[in-house]
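Please read this briefing beside the sequence and the coordinates. The topics are nonpolar packing and backbone angles.

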Amino acid sequence: MGALLKPPIVMASQQEHLPPAGADHALVERMAAGDERALGELYDRLGRTAYALAVAIVRERADAEEVVADAFGQAWRTADQFDPGRGSVGAWLATITRTRALDLVRAQGRRNRALARAAHEGDAGVAAPLSHAGDAPDRGVERQEARRLVGRSLAELPEPQRRVIELAYFGGLTQTEIAAELREPLGTVKTRMRAGMEKLRGALAPLLTREGP
Amino acid sequence: MTDHRWSELAAAYALDAVDAPERAEFAAHLADCGVCRSELQSFRDVAGLLALALPAATPAPGLRDRVLAEARRVRPIGRPTAWLWLAAAASLVLALVAGYGYWTTRADGIALRGVLDSTRARLDSTSRLLAAILDSTVGTADLAATGKPPSMRLFWNRARNVVVVAAFELPPAPAGRTYQLWAIKKGQAPVSLGTFNTGPGGRAVVTLRMPGGFKPDLSAVTEEPAGGSPQPTQQPFLVGSWQGGG
């Protein structure tokens, strides 16, 4: 984990393909000023992660591309609203992408189908294909490390805890809907979600340190 | 963790998974509870990383161009371009003249797209405005002459160096003239924050930039030649001092 904690300036000198997180913020500032090249650079840095998220939610390549185009369009139009005190650029873009993707799924009335698949995909869950991922691996060491840590942390959660988190985040379900989907008591779902998120927070602590607001 | 009864909800709230009634209660509670706000923030950070657990996926190479083309069509600041409306209107006229269902359908599509884009842009600009005003770092200044109209209220978001200007009962500046807003630190020359004008109703809501790091005591408005002046050329007709904010 040592690499993750190095100061950004060191990371910058090591990696031309992955500028430090502060660079993301600089890109968003340039976007707010109307610099299209900054949008292109942001896409180069975060486009594939956004696309992976969209695919996980909408499950169709063409729809996922639509979602990503929409999400970057929204990021472009609202770049001046980005507040670094509230989280990273990556988290901001993930929120936009997730919202757009869930909107699309709901608009198409495909929600139940996608959900049924998500719920019954088996113990592996969405994180499972990580091991054979990589038709275009990240060249950035920091991001690779982050992927590995998040993938491992999610995979190491007890399966029932991971499932409720995935149904909420990737399936867009509320706790009551998850309880119905899994035929579990609501209280159980709540406890699992809370416990799972706390474990993740502990496991991901090295990635969560950021500059104060 | 904490024995705070609400903290049970923070993790689920960060995942957007709290059911409606509880969600509203928790949202209201957040306004007064720093503990829950910071719990929520930490869980939001966790949620923001979840996408990294997904298998890497490569979108079609054309997607980058599509994203950039979309950006060229919609500027980040300001209103949607007028040509969109013109295009929509032209297509509708064409459809009426031709009278073919095909054209009608197509024109409807274009018109709807135009409406959607403009609605989206208006929503974006409204939420931008709200976000600028509703922030703990916001200081305000009430600018008035002698208790009579016109008046102005300024909201200065110190975190973003943005000043939202709301003007009331201020007649539009005469032709060739404009209003100019100044920020003044006592003992120093006024700093221009920019020019603005009101509409026929005497109202204006505009967003101007405050130079980063500058902490003025007062703000004032003068009437200047169109384009503004480097320094005020007349006595200000509205003055007020800055209050509050971080």
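The notes below begin with conventions and then turn to the cores and to two loop residues.

This is a predicted model, in which local features need pLDDT of at least 70 and side-chain atom pairs count only at pLDDT 80 or more, whereas totals for chains, interfaces and linings use all residues. Residues are numbered from 1 along each chain as its sequence is written, chains are lettered from A and ligands numbered from 1 in the order in which they are written, and side-chain values use heavy atoms, with hydrogens and water left out.

**Nonpolar cores**

- The largest nonpolar core (buried Ala, Val, Leu, Ile, Met, Phe, Trp, Tyr and Cys residues joined through side-chain atoms within 4.5 Å; buried means under 20% relative accessible area, exposed over 50%, partly exposed in between, with a 1.4 Å probe and protein chains only) has 87 residues, of which A:Phe72, A:Ile178, A:Leu200, A:Leu204 and B:Leu15 touch the most other members.
- Helix α4 of chain A, residues 36-58, gives this core its largest share, 13 residues (helices are DSSP runs of H or I with at least four residues, strands runs of E with at least two, numbered from the N terminus).
- Beyond its neighbours within four places in sequence, A:Leu200 is in contact (heavy atoms within 4.5 Å) with A:Ser153, A:Leu154, A:Leu157, A:Ile165, B:Val46 and B:Leu50.
- Another core of 22 residues lies apart from the largest one, and includes B:Tyr179, B:Ala183, B:Phe196 and B:Phe214.

**Positive phi outside glycine**

- A:Arg183, in the chain A loop between α10 (175-182) and α11 (186-203), has a positive phi near 55°, and is exposed at 74% relative accessibility.
- B:Glu169, in the chain B loop between β3 (162-168) and β4 (177-184), has a positive phi near 50°, and is exposed with a relative accessible area of 56%.
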